[in-house]
Amino acid sequence: MRVLLVDDHALVRGGLRAVLATTDDCAVVGEASTGEDAVALAPALRPDVVVMDLSMPGAGGVEATRQVRALLPDVRVLVLTTFSDDHRVRAALAAGATGYLLKDASPDEVVAAVRAAGRDETPIDPRVARALLPGAAPADPGPDLPPRERDVLVRLARGLSNRQIATELGIAERTVKVHVGSLFRRIGVADRTSAALWARDHGW
């Protein structure tokens, strides 16, 4: 089974490589530290399974999952992350992830999940499985955002750039940047795509 590791921490990638090296049926064929690198490498490496972090610089794991699956529909993406909140789980699965595992999983659990993903099964950590229940909704409606940050979020979710948002709201572009940074911290995301998904999942 050919495995591509995607995580911005070299220590994590090294640990995963060491764990998978103990098996006789999994081979790490490449590593990427960003979502963009994963999207660029996947077509050439043709992995069976991509082990994908969610929070990385640039394009996050959700967007990278979506793009990798668009390029390689047969590839299986196993999310391995520290985040267990509902909106991230549902966003990752909606983007095409096959499974979802937390980083405090044991080495044996990681290997079992990679193998299960390779068999086109759906390995889901029991702690996040509730997000898949019919009619499941986010456990937390999210923070009570200040009015101006709500204005920015709505426009960000429409795909507007900081300059376009500034023009619509009649404020300086640098002020928009400050609001975007504060907004990311409040809702716990690292990029615009994740913020847009958060907005969708929370009814914005």
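Which pattern does the chain follow when read along the sequence? In this predicted model, the order of elements is β-α-β-α-β-α-β-α-β-α-α-α-α-α.

**Figure 1. Helices and strands of the predicted chain.** The chain holds five strands and nine helices. Its pattern along the sequence opens with a strand and ends with a helix.

**Figure 2. Overall dimensions of the chain.** Along the principal axes, the C-alpha atoms occupy a box of roughly 60 × 35 × 30 Å. The radius of gyration is 18 Å; this agrees with the value near 17 Å for a compact globule, because that is what the globule rule gives for 204 residues.

**Figure 3. Burial and contacts within the chain.** Of the 204 residues, 48% are buried. Among contacts with a separation of 6 or more, 65% link residues 24 or more positions apart.

**Figure 4. Surface and charges of the chain.** The accessible surface is about 9,600 Å², and carbon and sulfur atoms contribute 53% of that area. The chain carries 25 positive and 27 negative charges, whose mean positions lie 7 Å apart.

**Figure 5. Close-up of helix α8, residues 173–187.** The end C-alpha atoms of α8 are 21 Å apart, in agreement with the expected span of 21 Å, because its 15 residues should advance at 1.5 Å a residue. The buried residues of α8 are Val176, His179, Val180, Ser182, Leu183, Phe184 and Ile187.

**Figure 6. Close-up of the residue that follows α8.** Glycine 188 comes after the helix and has a positive phi, near 75°. Ile187, within α8, is buried.

Conventions
Residues are numbered from 1 along each chain as its sequence is written. This is a predicted model: local features need pLDDT of at least 70, side-chain atom pairs count only at pLDDT 80 or more; totals for chains, interfaces and linings use all residues. Side-chain values use heavy atoms; hydrogens and water are left out. Helices (H or I, at least four residues) and strands (E, at least two) are DSSP runs, numbered from the N terminus. The radius of gyration is taken over C-alpha atoms; the globule rule is 2.2 Å times the number of residues to the power 0.38. Buried means under 20% relative accessible area, exposed over 50%, partly exposed in between (1.4 Å probe, protein chains only). Contact means heavy atoms within 4.5 Å. Accessible areas come from the Shrake-Rupley method with a 1.4 Å probe; for residues, only the protein chains shown count as cover. Lys and Arg count as positive and Asp and Glu as negative; His and the chain ends are not counted. The place of a charge is taken as NZ of Lys, CZ of Arg, CG of Asp or CD of Glu. The expected span of a helix is 1.5 Å times one less than its number of residues.
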